[in-house]
Amino acid sequence: MGSYIKILLGAGLWGFIAIFVKELATIGFSEMEIVALRVGWAAIFLLLIGLMRKGSIQPLKKPRDMIYFVGTGIVSIVFFNWCYFKAMNEMNISLAVILLYTSPVFVTILSYLLLKEGMNKKKVISVFGTILGCGLIAGIGSGSLDVITPLGVIVGLGSGFFYALYSIFSKFALKTYHSFAITFYTFLFAIIFLVPITQLWNKWELIINPQALLYSTGLGLIPTVVAFLLYTSGLNKVDSSKAAILSTVEPLIATLLGVLMYHEKLSMVQLFGSLLIVASFIIVQLPSRRNPVRDMKTMGI
């Protein structure tokens, strides 16, 4: 029972990301700067944890292995976070989170095209269910377009796509490195890329502002590092498919957060579309005898 609670707590913490993102945006940070703050603090916290846990941070075995972490850190995490945070500022929090949950469908398609993994009836149903759900969220046939923007839908789907790339790159990295090392190098490569891009040193006075410092360190610690540790700890005794289904507590919490704190509303059509995407997510995670689906959130990013 303790492992299930850890997974629920870890996934639940992901649902609170919007609080930190919206507060940092109000203070004056752009979406990409918020991404830099998140990955920067996460890298620092993971480094400290790695130093305390001997052997957690594996040295790079070959220079060419850096391509794995360019993929997970820059191609995936940087652009996944940017799209995700941008979507939160363009539409309802709940819709932004739901569109992130299209990631398993992108993994299914990419795995079929790049890794030559099989395509079965369950995966096909999940793909079409997700497409239909996205259409309903976008307001097809409902006339309810006041809570979304075209850009919001595009970057929302982008968050799912770039998060899916994390799973693809990680499958190659896991052949050589364990999950904690992959996570650490992912954030390390991301912040090395983001510092010169965002030029955060120009906002140093704003960064050390007590309120900004509170939310930026909180973003890097609570819904990132702590959530990761809880979730991966729970995975030790819980099947990945069950853990993935439990992780759907994230959009539930995000929806409640949007309603209670930001007075957001969803039309019945959009609500049905959201439920359809979550159902498709659960379907694709259900174990199969011939081709079990790996958990999308094993790394807890």
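**Entry 1: salt bridges**

I searched the whole structure for salt bridges and found two. A reminder to myself before going on: this is a predicted model.

I looked at Lys-86 and Glu-31 to begin with. They form a salt bridge, and their closest N and O atoms are 3.8 Å apart. I then checked where the partners sit: Lys-86 is in helix 4 (residues 66–90) and Glu-31 is in helix 3 (residues 31–52), so this pair links distant parts of the chain, 55 residues apart. Both Lys-86 and Glu-31 turn out to be buried.

Next I turned to Glu-33 and Lys-203, whose side chains meet in a salt bridge at 2.8 Å, N to O. Glu-33 belongs to helix 3, while Lys-203 is in the loop between helix 9 and helix 10 (204–207), so the bridge ties together parts that are 170 residues apart in sequence. Are these two partners buried or partly exposed? Glu-33 has a relative accessible area of 10%, so I noted it as buried. Lys-203 has 24%, so I put it down as partly exposed.

**Entry 2: aromatic rings**

I went through the aromatic rings and counted 17 pairs. One of them joins Phe-20 and Tyr-215, an edge-to-face pair with 6.3 Å from centre to centre and 70° between the planes. I traced this pair along the chain: Phe-20 is in helix 2 (residues 17–27) and Tyr-215 in helix 11 (residues 210–234), distant parts that lie 195 residues apart. I found Phe-20 buried, and Tyr-215 as well.

How are the rings of Phe-180 and Phe-228 arranged? Their centres are 6.2 Å apart and their planes meet at 45°, so I logged the pair as tilted. Phe-180 lies in helix 9 (residues 179–198) and Phe-228 in helix 11, so parts 48 residues apart in sequence are tied together here. Both Phe-180 and Phe-228 are buried.

I also picked out a cluster linked by ring pairs, with Tyr-68, Phe-69, Tyr-177, Phe-184, Tyr-185 and Phe-189 as its members.

**Entry 3: charges over rings**

I kept Phe-180 on screen for this one. Arg-53 lies over the face of Phe-180, at 5.1 Å from the ring centre. I found another such arrangement at Tyr-262, where Lys-22 lies over the face of the ring, 5.5 Å from its centre.

**Entry 4: a nonpolar patch on the surface**

I moved to the surface and found a nonpolar patch of about 770 Å², made by Ile-109, Tyr-112, Leu-113, Leu-114, Met-119, Val-124, Phe-128 and Ile-131. Which helices each supply at least two residues of the patch? They are helix 6 (103–114) and helix 7 (121–137). Helix 6 gives the most, with four residues.

I took a closer look at Val-124, one of the patch residues, which is found in helix 7. Its relative accessibility is 33%, so Val-124 counts as partly exposed.

**Entry 5: Thr-108**

My last stop was Thr-108, found in helix 6. Is Thr-108 buried or exposed? Its relative accessibility is 8%, so I listed Thr-108 as buried. Leaving out residues up to four places away in sequence, I saw that Thr-108 touches Met-119, Lys-123 and Val-284. I had already met one of these contacts, Met-119, as a member of the nonpolar patch.

Definitions and conventions:
Residues are numbered from 1 along each chain as its sequence is written. This is a predicted model: local features need pLDDT of at least 70, side-chain atom pairs count only at pLDDT 80 or more; totals for chains, interfaces and linings use all residues. Side-chain values use heavy atoms; hydrogens and water are left out. Patches are made of residues with over 30% relative accessible area and no salt bridge: like charges are joined within 9 Å, nonpolar side chains (Val, Leu, Ile, Met, Phe, Trp, Tyr) within 5 Å. Accessible areas come from the Shrake-Rupley method with a 1.4 Å probe; for residues, only the protein chains shown count as cover. A salt bridge is a side-chain nitrogen of Lys or Arg within 4 Å of a carboxyl oxygen of Asp or Glu. Buried means under 20% relative accessible area, exposed over 50%, partly exposed in between (1.4 Å probe, protein chains only). Rings of Phe, Tyr and Trp (its six-membered ring) pair if their centres lie within 6.5 Å; planes under 30 degrees apart count as stacked, over 60 as edge-to-face and the rest as tilted. A charge sits over a ring if NZ of Lys or CZ of Arg is within 6 Å of the ring centre and within 35 degrees of the ring normal. Contact means heavy atoms within 4.5 Å.
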